[in-house]
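Hi,

Here is the structure I promised to pass on. Have a look at it first, and then read my notes below.

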Amino acid sequence: MWVSWRAATHRALYGDGGFYLKERPSAHFRTSVHASPLFAEAVARLLARVDADLGHPERLDFVDMGAGDGRLAAGVLAAFGGERLRVVAVDLAPRPGGLPPGVEWASEPPGEITGLVVANEWLDNVPVDVVEQTPDGPCLVEVDPETGSERLGPPLTDPADLAWLAAWWPLPRVGSRAEIGRPRDEAWNSLLARLSRGMCVAVDYSHVLADRPDQGTLTGYRDGHAVPPVPDGTCDITAHVALDACARGEGLLTTQREALRALGLTGARPPLALASSDPRGYLRALARASAEAELIDPQGLGGFGWLEQVR
Ligand SMILES: C[S@@+](CC[C@H](N)C(=O)[O-])C[C@H]1O[C@@H](n2cnc3c(N)ncnc32)[C@H](O)[C@@H]1O
């Protein structure tokens, strides 16, 4: 059975017995949320800035979109707290055990949001079609969900997809591939539409128009390792996000490194003198510096795209 990558990925991740309905992402790969609680602390600082910009509204929302096990939501609740704060973790998977009762769990984001929304590694799991350039124009790449084998399918005819490719991922030569990010743009925009006032942040593996990868980035993850992307429900299927297409020239598109540095994470080591005056304090500060350094490492998590859009 041959199907488009978008349909195959959707079924593999979110269909009956789909990967994300039965597995927690943290068992298979490490996101910033799991790398260190400092990520949630930094997000709580961003929430405090948004709160101040909004003039401390009666109800302040924090929405963790594509929450996985909800650890970011729980971390922000613990760091920010207060009566005014409503924390909602949104995921298609059922509520995990052990989350504090102060975190609401929902399968859709609230209809009206005033505050901060963070979508950490959500958009890369919104399924996309893969196309390959041929002498006759781009053709859909089809996949056998059981084996991951591929074949060239019909020519791409959807005008909206063709327009997206022309604008955001032109295919330079026969054999070049693209992942059509239109479903991500739509997902992002439908999230933004729910924001009355505040900020939406998307953090993800990403690329921009000037450096799209010639063969795309479709990858599988299982048990902490990259594996061939076979859409059979046994692994994560992910592709980097064209965040510039989501943003459409609006908002701020930067890296996690720059964004977290602006929130006070520098990775700076404590002064050596502290080692003799307060050895335990020195070790604590050193551990913190190394956790910060991992989150802002330009070759790792710090290289992630960070898109902020404000209303
Ligand atoms: C890569 S995980 C990221 C988890 C978490 N944000 C983290 O950083 O550890 C992506 C999550 O997005 C969820 N997801 C994907 N599409 C979704 C949708 N339309 N609505 C809600 N959650 C979704 C998946 O179920 C999965 O748990």
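To start with the cysteines: is C246 buried or exposed? At 1% relative accessibility, C246 counts as buried. Keep in mind throughout that this is a predicted model.

C200 is buried as well, with a relative accessibility of 0%. You may wonder about a bond between cysteines, so I checked: the count of disulfides comes to 0. The cysteine sulfur nearest to that of C200 belongs to C246, and it is 12 Å away. Seen from the other side, C246 has the sulfur of C200 as its nearest cysteine sulfur, again at 12 Å. A disulfide needs the two sulfur atoms to be within 2.5 Å, so neither C200 nor C246 is in one.

Now for the ligand. Where is it? The ligand sits in the largest pocket. Around it there are 18 residues, and those that come nearest are T31, G66, D91, N120 and N125. By type, the shell splits into 10 nonpolar, 6 polar and 2 charged residues.

Three of the polar contacts are worth finding on your screen:

- T31: an N or O atom of its side chain is 2.9 Å from an oxygen atom of the ligand.
- N120: here too the side chain is involved, with a polar atom 2.8 Å from a ligand oxygen.
- G66: in this case a backbone N or O atom lies 2.7 Å from a nitrogen atom of the ligand.

As for how much of the ligand is covered, on its own it has 600 Å² of accessible area, and the protein covers 92% of that.

Cheers

Definitions and conventions: Residues are numbered from 1 along each chain as its sequence is written. This is a predicted model: local features need pLDDT of at least 70, side-chain atom pairs count only at pLDDT 80 or more; totals for chains, interfaces and linings use all residues. Side-chain values use heavy atoms; hydrogens and water are left out. A residue is near a molecule or strand if one of its heavy atoms lies within 4 Å of it. A polar contact is a pair of N or O atoms within 3.5 Å; within protein, one must be able to donate a hydrogen and the other to accept it, and residues adjacent in sequence count only if both atoms are side-chain atoms. Accessible areas come from the Shrake-Rupley method with a 1.4 Å probe; for residues, only the protein chains shown count as cover. On a 1 Å grid over the protein atoms alone, a cavity is a set of points where a 1.4 Å probe fits but cannot get out, and a pocket is an open set with protein on both sides within 12 Å along at least five of seven lines; lining residues have an atom within 4 Å of a point. A molecule sits in a cavity or pocket if more than half of its atoms lie within 2 Å of its grid points. Ala, Val, Leu, Ile, Met, Phe, Trp, Tyr, Cys and Pro count as nonpolar, Asp, Glu, Lys and Arg as charged, and the others, Gly among them, as polar. Buried means under 20% relative accessible area, exposed over 50%, partly exposed in between (1.4 Å probe, protein chains only).
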